[in-house]
Structures are given as C-alpha cells and as structure tokens.
Amino acid sequence: MAGYEYVSPEQLAGFDKYKYSAVDTNPLSLYVMHPFWNTIVKVFPTWLAPNLITFSGFLLVVFNFLLMAYFDPDFYASAPGHKHVPDWVWIVVGILNFIAYTLDGVDGKQARRTNSSTPLGELFDHGLDSWSCVYFVVTVYSIFGRGPSGVSVFVLYLLLWVVLFSFILSHWEKYNTGILFLPWGYDISQVTISFVYIVTAIVGVEAWYEPFLFNFLYRDLFTAMIIGCALCVTLPLSLLDESYKNNTLKHNSVYEAMVPFFSPCLLFILSTAWILQSPSDILEIHPRLFYFMVGTAFANITCQLIVCQMSSTRCPTLNWLLVPLFLVVLVVNLGVASYVESILLYTLTAVFTLAHIHYGVRVVKQLSNHFQIYPFSLRKPNSD
C-alpha cells in the first residue's frame with residue numbers, strides 16, 4: 001500500500017496536456033485583493049517554493065481548528081453561563097485566518113513570478129482547499145456555538161454541506177467546461193470571517209446574543225449569509241455559464257456530466273442517515289469529530305475529481321471510502337451501545353484521515369516524479 005499509485009498512466013498523459021484556465025469576476029478579488037496580493041508577493045524571496053506557501057497557509061487553518069477545539073471542545077463556550085474563549089484567542093484566530101487567506105492568494109503569483117507553475121501546484125492548492133472547508137466552517141461555529149443564542153449542531157451540519165457543495169460545484173463546472181470559474185463566496189467569506197473574529201475579541205460573544213434587526217438574531221444572519229451566498233451567487237454563476245448555452249461541454253451525456261455528484265451525494269445520504277438513526281445521538285455527543293469525518297471524506301472525493309478534470313479523464317462513480325461508511329451505518333441501524341458507536345466513529349475518522357493523507361502524499365510524489373520537480377523546492381532533481 002505504501003507504494004500504491006493512484007494516478008493512472010492515462011491521467012499522467014492528460015496532465016502533460018493540461019493548461020490552466022480560470023475566470024475570476026469577483027469585484028472584491030479583482031479590485032482589492034489581487035492588488036494587495038501583488039504587493040505582498042514581492043516580500044517573498046524568489047527561492048521560496050509556491051507549494052511551501054500553500055502548505056503553510058493550510059497549516060495555519062488547521063492550527064486555528066485545533067486551537068478552538070482546545071478552548072471550545074463541545075461548542076458551548078459562547079453560550080450564556082459558560083466559560084468563554086479568551087479574547088486573545090479570537091485575535092490570534094482572526095489574524096491567522098487572514099494570513100492563511102493571503103497565502104492562498106499569493107501562492108499562484110509566486111509560481112508565475114518564479115516561472116515555476118506546474119499542474120502539481122494547482123492540484124496541491126485546490127486539494128488542500130477542499131480539506132480546508134471543514135476547518136473554516138467548524139472554527140467559525142465557535143463564535144455562536146450551540147447554546148440558546150447559537151445554532152444547533154444539526155443546523156451547522158447542514159450549513160457545512162451547503163459550503164461543501166458550493167465548493168465542489170466550481171470543480172464540477174470545470175470538469176464539464178474545462179474552465180474554473182472562481183466562486184465569489186470564498187473571498188467575501190474569508191474577509192468577513194477574519195473581521196468578525198477580531199470584532200468578537202473587542203465586543204465579546206455577549207454582543208451576538210442581541211437581535212440584529214427586530215427579532216432577527218446574529219446567528220440567523222450567519223445562517224442566511226451562508227445559504228444566501230450559495231443560492232444567490234455561487235449557484236446562479238455556475239448555471240449561467242456560457243458553455244452550457246454554446247454547447248461546448250466536455251461531456252455531452254447528462255449522466256456523464258453528473259457523475260462527479262454521485263459520491264458526494266451518497267456521502268451526504270449515508271452521514272445523514274447515521275445522524276437520524278443514531279441510538280446514542282452521535283452528532284450531539286461528538287459534533288466536532290463527526291464534522292471532521294465528513295469533511296475528510298468529502299476532501300478525498302473532491303481531490304479525485306480535481307485529478308480527473310485536470311487530466312481530462314472520467315471521474316470515478318464511487319469513492320471507496322463510502323464502503324466502510326455504509327457498513328458502519330448498517331451496523332448502527334441494527335442497534336449498538338453508545339460506547340460502541342463512539343468507537344466506530346473514532347475508527348472511521350482515523351481510517352478516513354490516514355487514507356486521505358496517504359492519497360495526497362502518493363499523488364504528490366507521483367506527479368513530482370513525472371514532472372521531475374521537488375514539491376517544496378525550486379531546485380530540479382537533476383541539478384543536485
């Protein structure tokens with residue numbers, strides 16, 4: 001298993017022909033963030049590999065997730081009567097979130113600046129972005145938490161899926177059109193989230209208890225922004241793509257065009273069935289772990305889609321990680337003790353995490369060998 005090759009020879013040949021094509025029409029990105037990133041990238045030394053910038057930003061996102069897990073393990077810290085997250089933590093999380101967002105915007109510019117752009121760099125960037133979705137959403141959840149003024153863990157679960165489907169929608173669109181239309185929601189959400197973290201440190205979580213407008217609470221605004229951004233911005237921009245009108249799609253069959261949605265939809269169905277049929281109310285007991293399990297499986301599904309759309313190959317219909325999930329859901333439906341269900345969740349999460357890390361490491365190694373590059377260095381192997 002250590003030497004297993006996930007990228008087929010056909011896909012490697014497809015990567016050789018790959019040309020990056022993306023469209024960004026977001027005013028915030030075009031007129032504010034890109035000029036800012038163009039200035040920031042000049043600070044980085046020319047010997048610094050773009051993938052190292054990408055990975056550093058991802059590690060900051062993971063650090064924020066772990067930091068909030070320590071201070072708010074069960075999402076009750078922001079509720080009335082509970083020990084709140086210290087103000088300095090909100091400041092740290094806000095600053096690191098914005099730095100991570102900046103690094104994610106700068107890595108591509110560093111690649112062009114150092115003439116080191118490769119398909120591996122794009123795959124590495126977007127692959128880590130797919131895993132970051134769960135970290136972003138779950139970390140933000142701690143602002144409101146699950147108390148009387150917060151959001152229930154099941155509502156947050158559904159909101160997480162809104163974000164996940166919004167993310168995969170862009171890559172599904174590229175799978176069918178060959179062009180990545182960058183979603184508006186990402187830039188807007190990252191700037192807003194960073195700002196809200198800092199504001200929380202200044203005004204305290206108690207400020208979010210008060211109504212925002214009439215009886216409309218800030219938690220309702222939080223929910224409305226996520227759903228509204230997906231339904232009013234991300235989805236319309238994808239469906240109004242000119243490629244659909246001009247009939248220039250890469251997959252003419254409706255079935256083939258929709259194949260990338262099979263695995264994420266099945267993941268949603270299975271994980272939701274587990275929640276609804278859980279004898280011990282598993283989402284209430286282990287919400288953070290359950291979110292992470294779902295987000296990791298989703299990241300693996302999305303990474304395989306990205307490999308296929310970049311190599312112009314067919315997306316697999318079923319991700320193998322769904323098999324053990326199906327078996328676990330089947331066992332849970334037969335009835336198990338609370339501690340057994342918790343053990344199943346911990347085990348499945350560990351399996352998903354190790355499998356996804358193995359997949360990522362092996363794919364990066366395969367593409368590095370294929371393109372004869374070091375993933376975290378600008379030096380060529382034959383230059384040693």
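Trainee: Why is Phe75 called buried or exposed?

Mentor: Phe75 has 0% relative accessibility, and buried means under 20% relative accessible area, exposed over 50% and partly exposed in between, with a 1.4 Å probe and protein chains only. Phe75 therefore counts as buried. This is a predicted model, in which local features need pLDDT of at least 70 and side-chain atom pairs count only at pLDDT 80 or more, while totals for chains, interfaces and linings use all residues. Residues are numbered from 1 along each chain as its sequence is written, and side-chain values use heavy atoms, with hydrogens and water left out.

Trainee: What makes Tyr4 and Tyr6 an aromatic pair, and of which kind?

Mentor: Rings of Phe, Tyr and Trp (its six-membered ring) pair if their centres lie within 6.5 Å; planes under 30 degrees apart count as stacked, over 60 as edge-to-face and the rest as tilted. The structure holds 32 such aromatic pairs. For Tyr4 and Tyr6 the centres are 4.9 Å apart and the planes at 70 degrees, so this pair is edge-to-face. Tyr4, at 44% relative accessibility, counts as partly exposed, and so does Tyr6 at 22%.

Trainee: Why is the pair of Phe75 and Tyr291 called stacked, tilted or edge-to-face?

Mentor: The ring centres of Phe75 and Tyr291 are 6.2 Å apart and the planes stand at 55 degrees, so the pair is tilted. The pair links distant parts of the chain, 216 residues apart: Phe75 is in the loop between helix H3 (50–71) and helix H4 (87–113), and Tyr291 is in helix H13 (residues 287–311). Helices (H or I, at least four residues) are DSSP runs, numbered from the N terminus. Tyr291 has a relative accessible area of 0%, so Tyr291 is buried.

Trainee: How do you know that Arg288 lies over the face of Phe65?

Mentor: A charge sits over a ring if NZ of Lys or CZ of Arg is within 6 Å of the ring centre and within 35 degrees of the ring normal. Arg288 is at 5.5 Å from the ring centre of Phe65.

Trainee: Why are H13 and H15 called roughly parallel to each other?

Mentor: H13 and helix H15 (residues 338–371) pack at an angle of about 30 degrees, with their axes 9 Å apart. Axes are lines fitted to C-alpha atoms, for helices over the stretch in contact, and angles run from 0 to 180 degrees between N-to-C directions. Angles under 35 degrees count as roughly parallel, over 145 as roughly antiparallel, 65 to 115 as roughly perpendicular and the rest as oblique. H13 and H15 are therefore roughly parallel.

How values were computed: Helix = DSSP H or I, 4+ residues; strand = E, 2+ residues; numbered from the N terminus.
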